[in-house]
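These entries record what I looked up about helix packing and nonpolar cores. I kept them brief.

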Amino acid sequence: MDRDPRVCVMGEDVGHYGGSYKVTKGLATKFGDLRVLDTPIAENSFTGMAIGAAMTGLRPIVEGMNMGFLLLAFNQISNNCGMLHYTSGGQFKIPVVIRGPGGVGRQLGAEHSQRLESYFQSIPGIQMVACSTPYNAKGLMKAAIRSENPVILFEHVLLYNLKERIPDEEYVLNLEEAEMVRPGEHVTILTYSRMRYHVMQAAKTLVNKGYDPEVIDIRSLKPFDLYTIGNSVKKTHRVLIVEECMRTGGIGASLTASINENFHDYLDAPIVCLSSQDVPTPYAGVLEEWTVVQPAQIVAAVEQLCQ
Amino acid sequence: MHLLVFKICCSSVFPSLKIHPLSLFFLNSEQQTIPTLISNMNLLANILKQPIRKSVLIHHRSCRLTLFAKLPESLQLPAVNDTLFCFSLSTTAHTLLSQHAPLFDLQEQDAHNVNVQSIDFPGGRVTFTPQIKFISESTDKRVPCYRVLDDDGYPFAGSRSEQVDKETALKMYKSMVTLQIMDHIFYEAQRQGRISFYMTSMGEEAINIATAAALSPDDIILPQYREPGILLWRGFTIEEFANQLFGTKNDAGKGRQMPVHYGSKKHNFVTVSSPIATQLPQAAGIAYSLKMDNKEACAVAFTGDGGTSEGDFHAGLNFAAVMEAPVLFICRNNGWAISTPISDQFRSDGVVVKGQAYGIRSIRIDGNDTLAVYSAIRAAREMVIREQKPILVEALTYRVGHHSTSDDSTKYRPLNEIEYWKTARNPLGRYRKWVQRNGWWTDEEETELRGSIRKQVMNAIQVADKTEKPSLKELFTDVYDRLPLNLHEQEKSLRETIKRHEQDFPADVPL
């Protein structure tokens with residue numbers, strides 16, 4: 001916002017309240033309430049408003065208080081955000097960033113635990129990225145703001161408290177690149193967002209048991225970084241996908257199809273995909289824990305895969 | 001100092017403040033607008049014939065100033081229904097005024113009365129009453145409609161409207177004729193199978209053209225889909241219309257949208273998107289952008305009577321009001337949403353009364369009266385830009401044509417009703433009488449114009465029909481700013497398939 005006066009933020013309670021997870025804290029005082037706009041409760045409308053503003057030269061960042069509420073903005077995101085650049089013959093650009101906290105949290109109930117990446121992945125014209133560390137959050141956010149395309153940036157409710165030493169100076173990450181978290185030889189584990197931490201926890205156990213897993217945080221959910229993923233598959237010949245989406249129609253489902261199509265010859269075993277069950281997220285803590293893939297399941301899957 | 005007249009609806013709003021029923025205050029967002037208000041000030045002073053006494057300046061937002069001025073009690077008021085000065089007091093101003101009452105040395109009513117008669121809540125003070133009183137769902141009288149010309153093209157006595165010079169008047173008339181002929185011929189072209197789809201604006205030519213004439217070319221239009229006249233006025237050629245309808249390579253939209261979904265950035269006309277009312281919240285965004293850039297322009301968003309039922313109508317208007325965004329909302333109430341008559345669409349007195357619910361000033365006009373539309377839109381636009389607030393205009397009209405070429409409206413409405421509106425209430429006929437009576441137009445010129453436009457449209461169709469379609473690569477470009485890897489692969493795959501099975505693909509698509 002310092003660098004480019006056209007960048008503005010809009011969403012519910014983003015101004016003086018600082019946002020539901022305090023992502024925009026302090027911005028309203030610094031930049032004024034016109035650039036950090038508190039909106040009435042109408043997701044379809046402020047997303048539509050952002051699209052209109054983007055068409056006229058601004059670079060809006062839309063915050064969904066919780067990603068799940070952006071389902072109310074599906075019409076604007078799908079029919080207008082993703083489409084207007086194409087249907088106008090390239091005349092109108094929509095450089096918006098749509099972001100917000102999503103994923104399964106701690107007992108937030110079904111409506112606040114949505115994984116929108118699976119619903120949005122089909123929309124042509126948008127890009128989707130998921131950040132997972134303070135380092136990649138900064139880099140991906142900057143890249144998303146500077147992109148000329150509409151980008152949906154998925155943050156996770158449980159990752160806001162992570163602390164990490166990151167460079168003060170400016171850096172921009174590539175929106176379409178995956179991140180090599182841990183190189184290895186035996187199996188390729190593809191994951192993103194919060195599941196990265198469950199995978200890394202499982203990796204510790206696996207290393208103790210003598211396995212050498214390669215962990216890749218795919219980051220770019222649309223399009224997939226098939227270059228990095230492909231190189232890994234060609235090396236290890238075994239793939240495990242660990243995601244938080246539901247089994248049916250999730251990112252894992254699309255990724256499985258994509259890898260099968262492109263790297264079939266390099267696979268020694270069918271791809272295994274660990275995802276959440278096809279159930280709404282329950283409130284009870286114990287039940288909620290078991291809708292999300294746990295490190296123990298990841299370890300078991302790798303052992304199975306490497307047999 | 002610049003002043004607008006505010007009419008406080010009733011003095012019971014401020015029971016504790018003995019405020020004069022007609023108070024003056026102004027809203028000024030930035031310095032540039034000051035010069036345009038000076039003439040109002042003089043006019044105002046003349047009407048009131050009194051100098052303005054006490055006044056105070058209050059900052060209440062980073063870019064706004066509010067001035068309150070007290071008038072002497074003995075003042076003679078202008079007529080209550082004076083439409084020049086009919087604004088409603090916003091909630092913010094209410095609160096501010098009550099907060100600063102002491103500055104005006106206004107006498108408080110005795111403390112006892114204050115406690116009994118009004119009470120504080122978030123949103124301000126309200127009086128309360130021991131009676132259960134419902135606000136009626138309808139008024140005895142419907143909101144009147146602004147009209148200048150009668151059915152024979154004679155201006156009503158005492159009608160107030162903008163002066164229209166001969167050049168503008170003729171350009172409006174000729175554009176309405178062009179629109180009408182274009183609609184007829186393109187509609188027929190669809191019937192003959194030359195284009196796949198078309199929607200006419202028949203019966204709404206006055207709304208289309210007079211609105212376009214009243215706006216500035218810098219105003220950004222967000223159409224619903226029955227406003228091609230605006231593009232026509234701004235210089236979109238008949239050939240450009242034909243290219244979009246036929247989806248040729250010369251179409252600005254590169255053949256990607258269905259017919260009548262025009263879009264032209266250079267004409268400040270946002271590409272039409274089929275879902276209804278999605279453009280209304282976008283209008284608030286465009287206005288927000290114009291406001292941040294301090295431009296002397298506004299966003300103009302259209303919708304039909306049906307569109308007012310969409311959630312986006314509520315949210316778009318609410319937003320624009322809260323954001324104080326310079327949007328002009330124009331609702332073409334033509335009586336029908338495909339086969340749904342307005343009696344099945346809403347139960348309010350049309351659309352104009354909905355404005356007040358959002359805190360938006362609104363007006364109802366005769367959409368088939370060219371001069372009324374022109375004057376009203378001019379006035380509304382000026383208010384929108386000067387005050388940086390939205391305004392709602394309900395233009396009453398009738399959809400003479402079918403909803404589109406996929407509709408046969410004779411199935412749900414009587415033929416004689418359609419005939420009546422097509423002939424007796426035709427906007428062109430009425431306006432033509434006025435233009436001809438001024439000595440600006442003759443029957444010969446009419447015949448000549450119609451002949452020449454017909455020829456032009458027919459020719460445009462011939463040419464567009466034979467023009468090449470967009471090349472295959474345009475299937476994949478503009479989805480993103482650059483072609484991503486997956487689309488590159490998909491294009492490659494498609495081209496390979498075409499090469500292998502050339503006979504199975506259309507021959508007229510250039511590769």
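**Entry 1. Helix pair across the chains.** I began with the handedness of the crossing and found that α2(A) passes α8(B) in a right-handed crossing. The model is a predicted one. I noted the extents of the two helices: α2 covers residues 43–55 of chain A, and α8 covers residues 279–292 of chain B. Their axes lie 6 Å apart, and the packing angle is about 45 degrees. I therefore class α2(A) as oblique to α8(B).

I then listed the residues that make this contact. From α2(A) they are N44(A), S45(A), G48(A), M49(A), I51(A), G52(A), A53(A) and M55(A). From α8(B) they are P281(B), Q282(B), A284(B), G285(B), I286(B), Y288(B) and S289(B). Sorting the contact residues of α2(A) with α8(B) by type, I recorded 8 nonpolar, 7 polar and no charged.

**Entry 2. Helix pair within chain B.** I next looked at α8(B) with helix α9 of chain B, residues 311–323. I recorded an angle of about 20 degrees and a distance of 7 Å between the axes. Angles under 35 degrees count as roughly parallel, and α8(B) and α9(B) are therefore roughly parallel to each other. I found their crossing to be left-handed.

On the α8(B) side I listed L280(B), P281(B), A284(B) and K291(B). These meet D312(B), F313(B), G316(B), F319(B), A320(B) and M323(B) of α9(B). The contact of α8(B) with α9(B) has 7 nonpolar residues, 1 polar and 2 charged. I noted that P281(B) and A284(B) appear in the contact with α2(A) and also in the contact with α9(B).

**Entry 3. Nonpolar cores.** Which residues have the most contacts inside the largest nonpolar core? I found F120(A), F154(A), L190(A), I218(A), I259(A) and V327(B), in a core of 80 residues. I followed up I259(A), setting aside its neighbours within four places in sequence. The contacts of I259(A) are then L190(A), I229(A), V233(A), V239(A), H264(A) and I271(A). Another core, of 74 residues, lies apart from the largest one. Its members include V177(B), A212(B), I238(B) and I461(B).

**Entry 4. Chain B as a whole.** I closed with totals for this chain. I counted 15 helices and 13 strands in chain B. Of its 511 residues, 51% are buried. Among contacts in chain B with a separation of 6 or more, 72% join residues 24 or more positions apart.

Notes. Residues are numbered from 1 along each chain as its sequence is written. Chains are lettered from A and ligands numbered from 1 in the order in which they are written. This is a predicted model: local features need pLDDT of at least 70, side-chain atom pairs count only at pLDDT 80 or more; totals for chains, interfaces and linings use all residues. Side-chain values use heavy atoms; hydrogens and water are left out. Axes are lines fitted to C-alpha atoms, for helices over the stretch in contact, and angles run from 0 to 180 degrees between N-to-C directions. Helices (H or I, at least four residues) and strands (E, at least two) are DSSP runs, numbered from the N terminus. Angles under 35 degrees count as roughly parallel, over 145 as roughly antiparallel, 65 to 115 as roughly perpendicular and the rest as oblique. A crossing is left-handed if the near helix is turned anticlockwise from the far one by less than a right angle, and right-handed if clockwise. Contact means heavy atoms within 4.5 Å. Ala, Val, Leu, Ile, Met, Phe, Trp, Tyr, Cys and Pro count as nonpolar, Asp, Glu, Lys and Arg as charged, and the others, Gly among them, as polar. A nonpolar core is a set of buried Ala, Val, Leu, Ile, Met, Phe, Trp, Tyr and Cys residues joined through side-chain atoms within 4.5 Å. Buried means under 20% relative accessible area, exposed over 50%, partly exposed in between (1.4 Å probe, protein chains only).
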